[in-house]
Amino acid sequence: MKTLIKNGKIIADGDHCIPAEIWIEDGIIQAIGTTFSETGFDQVIDAKQQLITPGLVDVHVHFREPGFEYKETIKTGSMAAARGGFTTVCAMPNLNPVPDTAEKLQQVYQRIQEDAVVNVLQYAPITEELRSEVLTDQKALKEAGAFAFTNDGVGVQTAGTMYLAMKEAAKNQMALVAHTEDDSLLFGGVMHAGKRAEELGLPGILSATEASQIARDVLLAEETGAHYHVCHVSTKESVRVIREAKQAGIHVTAEVSPHHLLLIDEDIPGDEGFWKMNPPLRGRADREALIEGLLDGTIDCIATDHAPHGYDEKMQSFLKAPFGIVGSEYAFQLIYTHFVKTGRFTLQQAVAWMTEKPAEIFGLKAGKLMVGAPADLAIFDLETAYTVDSDQFLSKGKNTPFNNWPLYGDTTHTLVNGKLVWQKGRGIL
């Protein structure tokens, strides 16, 4: 199959783009130029002067299958990813059953092979059943295809358990990815401990709940030599700890989610579960620290933490609703509209944080727009405004605080291994 993408543009430097056409054959980028003859191509895609990027890479999604298919499935989650321009995503292991053995992990990969429309890499848990103190067999899980190890959704509560897990991860040359949350500091909190929580009469989540566990873990990473990656950083204290750890030469990397870059607790309109997420929306100073952390390299990449739930579950108070919002279908668009168009980030930075950087820190063969690379590509319309409409989501989850937001940068095409899997106006192909 030979495909030509014509009349596109690619990023040259900063916000400067240049005309480009891309020749794809056998799932690989064969050439990048300015003009190719259309003769001999099986498929020609007219990019109509829109931006061509590497397919986006998301190292943090929840696809809920097996066990919670009413929230999301591998098929619907991967469709949502394609709709957003993502071609490689990494799925968390808080499933039922938890893929904590090689056999269970292989079963998940069988479903991925059958149903996914983008590249899906599956995490394995750090401990059996996520909440135990019994370590999984990392070597066997690595051989079965585990992307990395995480207990996302719950923090590893015991320092000794984390230390032993890091020793194993270092030995197996695998990343250990942490949802950092000290349960002893939760005190029943459901949103950020600040003025807005007081106004709503809701119990707050301290910033120290997150940052204190990061402080513990970076020292353990230094001791063991493990690659330690922090999920969804949300507080200024966390940014400070990670920055100091990097300066000390510790192998720590970190991600931030679009909602924490854009929203703060003061934006929460009332006791509405659609605004409940973990970590919670923090304060104004926290948001600024996250932005500065991205700009100075303390935070390495942007990840969505796409977390779908049933509609009725989320249509409850903060005290009853589950944590999480969806993010796959509009993440790039949020960043482009609110940071690139406003001049805070360059287009090159934004794309790198969602392609090259996550691929680089985890050693993935993704996130590159170059000859010889897999033809995982996305095309975005940067000029035309559209409105977020949760009724049109391909995800089963409709739980978003961004509904009805006007955005730019809608995805027009997504290609995976040279195959067109999403096209605006046609849907999943």
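This briefing covers the annotated binding-site residues of a predicted model, the strands around them and some backbone exceptions. UniProt, in an unreviewed entry, lists His60, His62, Asp152 and Asp305 for the feature "binding site". These residues span 246 residues in sequence, yet no two of their C-alpha atoms are more than 10.1 Å apart, so they gather at one spot. A "binding site" is also placed by UniProt (unreviewed entry) at Asp152, His179 and His232. That set spans 81 residues in sequence, with no two C-alpha atoms more than 10.2 Å apart, so its members gather at one spot as well.

**Pocket and cavity**

- Of the set His60, His62, Asp152 and Asp305, the lining of the largest pocket includes His62, Asp152 and Asp305.
- From the set Asp152, His179 and His232, the lining of the largest cavity takes in His179 and His232.

**His62**

- His62 sits in the loop between S6 and H1.
- With a relative accessible area of 4%, His62 is buried.
- Beyond its neighbours within four places in sequence, His62 is in contact with Glu72, Met92, Asn94, Asp152, Asp305, His306, Ala307 and Pro308.
- The side chains of His62 and His60 are joined by a polar contact of 3.4 Å.

**Asp152**

- Asp152 belongs to the loop between strand S9 (149-150) and helix H4 (159-171).
- Its relative accessible area is 3%, so Asp152 counts as buried, the cut-off being under 20%.
- Leaving out residues up to four places away in sequence, Asp152 touches His60, His62, Met92, Asn94, His179, Cys231 and His232.
- A polar contact of 3.1 Å links the side chain of Asp152 to the side chain of His60.
- Asp152 appears in both UniProt lists, once with His60, His62 and Asp305 and once with His179 and His232.

**His232**

- His232 is placed in the loop between strand S13 (227-230) and helix H7 (236-247).
- The residue is buried, with a relative accessible area of 2%.
- Residues up to four places away in sequence aside, His232 touches His60, Asp152, His179, Glu210, Glu255, Ser257, Asn278, Pro279 and Asp305.
- Phi of His232 is near 25 degrees, a positive value in a residue other than glycine.

**Strand S6 and its crossover**

- Six of the six residues of S6 are buried, so this strand is largely enclosed by the rest of the structure.
- S6 runs parallel to strand S7 (residues 86-91), and four bridges join the two.
- One of the pairings puts Asp58 opposite its bridge partner Val89 in S7.
- From S6 the chain passes through H1 to S7, forming a right-handed β-α-β crossover.

**The five-stranded sheet**

- Five strands form an open sheet in the order S9-S10-S13-S14-S15, with parallel pairing.
- The edges of this sheet are S9 and strand S15 (301-302), each of which pairs on one side only.
- S9 and strand S10 (residues 175-178) run parallel and are joined by two bridges.
- Phe149 has Leu176 in S10 as its bridge partner.
- S9, an edge strand, precedes the loop that holds Asp152.
- S13, a member of the sheet, precedes the loop that holds His232.

**Backbone exceptions**

- Most residues other than glycine have a negative phi, and most peptide bonds are trans.
- The peptide bond from Glu65 to Pro66 is cis, with omega near 10 degrees.
- Pro66 lies in the loop between strand S6 (56-61) and helix H1 (74-83), and His62 is in the loop between S6 and H1 too.
- A cis peptide bond also leads from Asn278 to Pro279, with omega near 5 degrees.
- Pro279 is located in the loop between helix H8 (258-262) and helix H9 (284-296); both Asn278 and Pro279 are touched by His232.
- Glu129, which is not a glycine, has a positive phi of about 60 degrees.
- The loop between strand S8 (119-122) and helix H3 (138-143) holds Glu129.
- Glu129 is partly exposed, at a relative accessible area of 49%, whereas His232 is buried at 2%.

Definitions and conventions:
Residues are numbered from 1 along each chain as its sequence is written. This is a predicted model: local features need pLDDT of at least 70, side-chain atom pairs count only at pLDDT 80 or more; totals for chains, interfaces and linings use all residues. Side-chain values use heavy atoms; hydrogens and water are left out. Buried means under 20% relative accessible area, exposed over 50%, partly exposed in between (1.4 Å probe, protein chains only). Two strands pair if DSSP finds at least two bridges between them. A crossover is right-handed if, with the strands pointing away from the viewer, the path from the first strand over the helix to the second runs clockwise. UniProt positions are given in the numbering used here, feature names are shortened, and annotations may be inferred rather than shown by experiment. On a 1 Å grid over the protein atoms alone, a cavity is a set of points where a 1.4 Å probe fits but cannot get out, and a pocket is an open set with protein on both sides within 12 Å along at least five of seven lines; lining residues have an atom within 4 Å of a point. Contact means heavy atoms within 4.5 Å. A polar contact is a pair of N or O atoms within 3.5 Å; within protein, one must be able to donate a hydrogen and the other to accept it, and residues adjacent in sequence count only if both atoms are side-chain atoms.
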